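Ready for some practice? Take a look at the structure below, then work through the exercises step by step.

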Amino acid sequence: MNDETREAAKSHLATLVKRAMSDGAINQTEREELNKAFRQSALSPADVQQVLQEYLQLVKAEVMADGVVTPEERARVVALVDQLKIPLGMLPRELLNVVLGKLK
């Protein structure tokens with residue numbers, strides 16, 4: 001896969017992740033789309049991890065923007081970890097603390 005195709009596949013996956021998580025839950029259709037992107041795009045595990053890390057950084061910036069984590073923001077972070085099956089070890093420290101209830 002050439003770099004241009006790989007970057008396009010990563011961009012497509014990033015768009016799917018953002019759209020799927022926009023309401024805090026992944027429905028069956030969205031799950032199928034994500035699985036199809038994982039299978040067909042031929043992205044390496046490192047590419048997928050990079051896309052998810054970039055998404056997590058965006059979420060972290062939004063959640064931490066005002067220095068106060070609301071119950072809704074905590075629920076959003078917990079939902080994305082659950083719905084995207086993100087290992088806790090992959091989370092930025094701030095989001096891990098949100099999930100664990102250490103930041104309020």
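**Exercise 1: the span of a helix**

Work out what span helix H4 (residues 71-83) should have, and check it against the model.

Solution. Helices here are DSSP runs (H or I, at least four residues), numbered from the N terminus. The expected span is 1.5 Å times one less than the number of residues. H4 has 13 residues, so it should span 18 Å, and its end C-alpha atoms are indeed 18 Å apart.

A word on the model: it is predicted, so local features need pLDDT of at least 70 and side-chain atom pairs pLDDT 80 or more, while totals for chains, interfaces and linings use all residues. Residues are numbered from 1 along each chain as its sequence is written, and side-chain values use heavy atoms, without hydrogens and water.

**Exercise 2: the buried side of H4**

Find which residues of H4 are buried (under 20% relative accessible area, 1.4 Å probe, protein chains only), and what covers them.

Solution. The buried ones are Glu73, Val77, Ala79, Leu80, Val81 and Gln83. Their cover includes helix H2 (28-40), helix H3 (45-64) and helix H5 (93-99). Just after H4 comes Lys85, with a positive phi near 55°.

**Exercise 3: two helices crossing**

Decide how H1 (residues 3-20) and H2 are oriented to each other.

Solution. Their axes, lines fitted to C-alpha atoms over the stretch in contact, come within 10 Å and cross at roughly 165°. Angles over 145 degrees count as roughly antiparallel, so H1 and H2 are roughly antiparallel. The contact (heavy atoms within 4.5 Å) involves His12, Leu13, Leu16, Val17, Arg19 and Ala20 of H1, and Glu30, Glu33, Leu34, Ala37 and Phe38 of H2.

Note on methods. Buried means under 20% relative accessible area, exposed over 50%, partly exposed in between (1.4 Å probe, protein chains only). Axes are lines fitted to C-alpha atoms, for helices over the stretch in contact, and angles run from 0 to 180 degrees between N-to-C directions. Angles under 35 degrees count as roughly parallel, over 145 as roughly antiparallel, 65 to 115 as roughly perpendicular and the rest as oblique.
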